[in-house]
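Visitor: I would like to go through this structure with you and ask what stands behind each term. Could you show it to me?

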Amino acid sequence: MRVMAIVKASKDSEAGKMPSEELLAAMGEFNEELVKAGVMLAGEGLHPSSKGVRVTFGGDDERTVIDGPFAETKELIAGYWLLQVRSMDEAVEWMKRCPNPHHEAGAIEIRPVFEADDFGEEFTPELREQEERLRAQAEQNR
Amino acid sequence: MSERDARRAIDAVWRIESARLIAALARMTGDVGLAEDLAQDALVAALEQWPRAGVPDKPGAWLMATAKNRAIDRLRRGEMAARKEQELGREAELRARVGERDLAAAADDDVEDDLLSLIFTACHPVLPTEARVALTLRLVGSLTTTEIARAFLAKEATVAQRIVRAKRTLAEARVPIEVPGAAEREERLASVLEVIYAIFNEGYAASGGEEWIRADLCEEAMRLGRILAGLMPREPEVLGLAALMELQAARFPARTGPGGEAVPLMEQDRSRWDLVLIGRGTAALERAEALGRPLGPYALQAAIAACHARARTPEATDWERIVALYDALAALAGSPVVRLNRAVAVGMAFGPAAGLELLDGLAGEPALRGYHLLPAARGELLERLGRDEEAAAEFDRAAELSGNAREREVLRARAR
């Protein structure tokens, strides 16, 4: 399965304060561990929300563009990993080994990524029906 | 911590640590079977202690220290000495070897060397392929015997016995646990790559109710491929195999239709291809090419897969390059199937008549007798030449030969 491990933002990350050299080195080592274990698919750090933009949807037709920064620091994200693991437990165990991404209280949130099978359970009967309708139509058009 | 939480945490730790643990113990004891027993002892100790005491800060080091203590206990009881007598002769020597290595203090290089040695040992050519596959999944992939049996649709007892026998064979053949030297390196590496790709193909060929389990097998193979690519970053074929698996897996979401039927490459919805895996696959292939050595069969197959991955529409496919890559592949591994695929590519690059001529040359090939893709390819090319009746006959023949009911339906429909 694939999971995304999301690093939540902190006051420092939102202030654009770069991590210490020590933390960067520790993070580099951790990333290398993930790569060596064949677990890491991708990962990036994000600039603070002051460099971000939001496109908000008022309704189906309404679009508004809002420049950052955004207020709710703890809900913002500062980076992510995309991991391939066997279970959520494995992802949890990996992230427990992550150096604290900020020198203060913070969180990494782990969320499973939707996969084709997840849709399968929900949508297959409907898709099947649609497929059968299309097939019937194709037969008629022959 | 509840019993259940502890159990889940231990499973996760085991998944992450066990290969390195077994690898280090195997190096110390010189015996893969014994190493696994000791690692299991440590796992049992964790199951007893962690629910009460909590998961230690450095669970890997804890498991290693525990396993080493068990090794010394066994030595004291003479059990291990008896077992190792023939090979080592002296208890003291083994005691020294167990003592000198401390996983926590070991340099990264040593840990990597141990892991690579374990992989080469589990994939040793002295073992039949199915035993190598089972042993690799067990020792390096940290799958349980039950999981392996489920994935391969085999009986658990059969797999268990296969693993026991494999370990015994390695011990009896006195296979040294080491990375092979230059003289046998190529052959031994080929054996490792074969095992990983066999695991991938077992999952790739999945169909029916067990699909989800078997798709996991592809993920295991990809993980092993990535681990090996990390350990041997200067081997083009290692990177080539990693690239090939990523690129093939990228097409998984598009390769079956809503009814579970196979969708041929040229008809797949390319918007469903996995861009993360395509990016990873092409990057691994570029690393293989950058080594500046001739590409082997895996890297060449990856390069062909990359041509398809790069084409946003079927029409945009660079068939001439694919033909050139098949030429190189045929020169290395000129199997009839490679020649068949090359003929199809020629048909796409230089017109159906040219492809058909090559296929005619394969007509008497014994290895392709009964292979449904030969008449299917002929049907395709004949159809494009406007020779519809002959094409229909070929599709009918292909349908007869196909072992897959849904594929048969598709081919029958084309014959009409």
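**Terms and values, chain A and chain B**

Guide: Let us start in a loop: Ser142(B) sits between α7 (129–139) and α8 (145–151) of chain B, where helices (H or I, at least four residues) and strands (E, at least two) are DSSP runs numbered from the N terminus. Phi of Ser142(B) is near 50°, a positive value in a residue other than glycine. This is a predicted model, in which local features need pLDDT of at least 70 and side-chain atom pairs count only at pLDDT 80 or more, while totals for chains, interfaces and linings use all residues. Residues are numbered from 1 along each chain as its sequence is written, chains are lettered from A and ligands numbered from 1 in the order in which they are written, and side-chain values use heavy atoms, with hydrogens and water left out.

Visitor: What makes β2(A) and β5(A) a pair?

Guide: Two strands pair if DSSP finds at least two bridges between them. Five bridges join β2(A) to β5(A) (residues 77–84), so the condition is met, and the two run antiparallel. Within this pair, Gly43(A) stands opposite Trp81(A).

Visitor: Which strands of that sheet are called edge strands, and why?

Guide: The open sheet has four strands in the order β2-β5-β1-β6 (chain A), with antiparallel pairing. The edge strands are β2 (40–45) and β6 (108–112) of chain A, as each pairs on one side only. From one strand to the next the twist averages 15°.

Visitor: Which helices lie on this sheet?

Guide: Helix α3 (residues 88–96) of chain A lies across β1 (2–8), β5 and β6 of chain A, and runs at about 160° to β6(A). Helix α13 (residues 275–290) of chain B also packs on the sheet, touching β1, β2 and β5 of chain A. The direction of α13(B) makes about 100° with that of β2(A). Touching means contact, that is, heavy atoms within 4.5 Å. The angles run from 0 to 180 degrees between N-to-C directions, and axes are lines fitted to C-alpha atoms, for helices over the stretch in contact.

Visitor: How many residues are in contact between chain A and chain B, and what area is buried there?

Guide: 24 residues of chain A are in contact with 28 residues of chain B. The buried area is about 2,300 Å², of which carbon and sulfur atoms give 42%; the term stands for the accessible area (1.4 Å probe) that two parts lose on being put together, summed over both. In chain A, Lys36(A), Gln84(A) and Arg86(A) lose the most area to chain B, together 26% of what that side buries.

Visitor: Why are α18(B) and α19(B) called roughly antiparallel?

Guide: Helix α18 (residues 373–384) and helix α19 (residues 388–401) of chain B pack at an angle of about 160°, with their axes 8 Å apart. Angles under 35 degrees count as roughly parallel, over 145 as roughly antiparallel, 65 to 115 as roughly perpendicular and the rest as oblique. The angle is over 145, so α18(B) and α19(B) are roughly antiparallel to each other. Their crossing is left-handed: the near helix is turned anticlockwise from the far one by less than a right angle (clockwise would be right-handed).

Visitor: What makes α16(B) roughly parallel to α18(B)?

Guide: The axes of α16(B) (residues 336–350) and α18(B) come within 11 Å and cross at roughly 10°. This angle is under 35 degrees, which makes α16(B) roughly parallel to α18(B). α16(B) passes α18(B) in a left-handed crossing. Leu340(B), Val344(B), Gly347(B) and Met348(B) in α16(B) meet residues of α18(B) including Leu373(B) and Arg384(B). By class, this contact has seven nonpolar, one polar and one charged residues. Ala, Val, Leu, Ile, Met, Phe, Trp, Tyr, Cys and Pro count as nonpolar, Asp, Glu, Lys and Arg as charged, and the others, Gly among them, as polar.

Visitor: How do you know that α1(B) is roughly antiparallel to α2(B)?

Guide: Helix α1 (residues 3–29) and helix α2 (residues 32–53) of chain B pack at about 155°, with their axes 9 Å apart. That angle is over 145, so α1(B) is roughly antiparallel to α2(B). The crossing of α1(B) and α2(B) is right-handed.

Visitor: Which peptide bond is cis?

Guide: The one that joins Gly68(A) and Pro69(A), with omega about 0°. Pro69(A) lies in the loop between β4 and β5 of chain A.
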